[in-house]
Amino acid sequence: MKNFEDRLDVLREQARKEGVAPGRGVDVAGGPIPVQPGYYGEGVVRPPVWTWEISAYFFIGGCGGMAAVIGASALVFGLPEVTRAAMWIAFVAAILSPILLIADLGRPLLFLNMLRVFKYQSPMSVGSWIVSLYGINAGPAALLVELWQRHLLTGFLGTLVAVLAVLFVIGTAFWGMFLATYTGVLISVSAIPAWFLHRVLLPIHFGTAGLGSAAGLLELLGYRLAPLYALSVMAAVIETILWIVLELRKHGAADRALHEGKSGSMIRVAEFLTGPLALILRAVGVVPASALSFLLGALLSRFGWMEAGRVSARDPEAVFASQR
């Protein structure tokens, strides 16, 4: 500590004489940063207070949102049975998502208050509207597609149902695409180092994980089709690449929560399940196991990133190092 104080005295004297003190100063990593947070026991950055419901919402919303995208694509390529199953998955996600959000908030009124105004600068406000608009479209889409596919109505009413079904499927897919990716944006715009430093990777990762989860779930429901197989392989390949990028682009103390301890282990296991293991299982022809591996990895990944955020926010050295 004496050498550190002497260095400060030299810098002060140099700044007084020359008006500037050149050099980078003291590196935070390994420097005189307290092991425990200061400021009356409070951390430099507040850790997220979200409960497990939010991690589950990230997973379910991602899966449901991308299921709607797959359903709309299947409609274009003449696979109505896939569209029907995908819309029901989207509908279930539309029901569970607000339930999980409200469970975390504690009171339904708090969620409704988010919808009183629209703040495009606030990811929370934008996210609340995305969830709501997704749900408004998903329910009618599932019902109308069911009526349409079962041919329960004919003539003018049948044509009207078909047109409305297509419109609501497109609407669900549009908002579902945002639902699957905005959660990655939501956490990456925070001041938490482990999240902010990977703000480009997170939306891609969350969207890809949602896509692979939706395709895998449809396969587990019995839809063994080449397009779904191709989507699952593509998602697993992208997840493998993202894992490699995450391992290569380390930021030292700033994002060590992603590579060390419980949170680091959770993320590594999750990426292995969604990436290499899913590909290996498909290569040997065990499609159900591959789909299940991807689903489990995607779920674990959401909890892993949330835990990494908590650890990173409580680490003052990580917070200061990320400012470099």
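Which helix gives the most to the lining of the largest cavity? In this predicted model, the answer is α12, with 3 residues in that lining.

The search of the whole structure returned 1 cavity of 30 Å³ or more. The space in the largest cavity amounts to about 40 Å³. Four elements each give two or more residues to its lining: α8 (201-220), α9 (226-248), α11 (276-283) and α12 (287-313). The lining residues are G212, G216, S232, A236, A278, R282, S290, A291 and F294. Sorted by class, this lining comprises 4 nonpolar, 4 polar and 1 charged residues.

Two of the elements that line the cavity, α9 and α12, also pack against each other. Their axes come within 12 Å and cross at roughly 40°. An angle under 35 degrees would count as roughly parallel; α9 and α12 are therefore oblique to each other. The crossing of α9 with α12 is left-handed. On the α9 side the contact is made by Y229, A235, A236, E239 and L246, and on the α12 side by V287, F294 and W305. In terms of class, the contact of α9 with α12 has 7 nonpolar residues, no polar residues and 1 charged residue. A236 of α9 and F294 of α12 take part in this contact, and both A236 and F294 are also listed in the lining of the largest cavity.

Helix α9 has a further packing partner in α10 (residues 261-274), with an angle of about 150° and axes 8 Å apart. Angles over 145 degrees count as roughly antiparallel, and α9 and α10 are therefore roughly antiparallel to each other. The crossing of this pair, α9 and α10, is left-handed. From α9, the residues in contact are A236, E239, W243, L246 and E247; from α10, they are I267, R268, E271, F272 and T274. The class composition of the contact of α9 with α10 is 5 nonpolar, 1 polar and 4 charged residues.

Three residues of α9, namely A236, E239 and L246, appear in the contact with α10 and also in the contact with α12. Among them, A236 additionally belongs to the lining of the largest cavity. W243 and E247 of α9 are listed for the contact with α10, whereas Y229 and A235 of α9 are listed for the contact with α12.

Conventions
Residues numbered from 1 in each chain as written. Predicted model: local features only at pLDDT ≥ 70, side-chain atom pairs only at ≥ 80, totals over all residues. Heavy atoms only, no water. 1 Å grid on protein atoms, 1.4 Å probe; cavity = no way out; pocket = protein on both sides within 12 Å on 5 of 7 lines; lining within 4 Å. Points joined across faces, edges and corners; volume = space filled by probe spheres on them. Nonpolar A, V, L, I, M, F, W, Y, C, P; charged D, E, K, R; others polar. Axes fitted to C-alpha atoms, helices over the stretch in contact; angles between N-to-C directions. Parallel < 35°, antiparallel > 145°, perpendicular 65-115°, else oblique. Left-handed = near helix turned anticlockwise from the far one by under 90°. Contact = heavy atoms within 4.5 Å.
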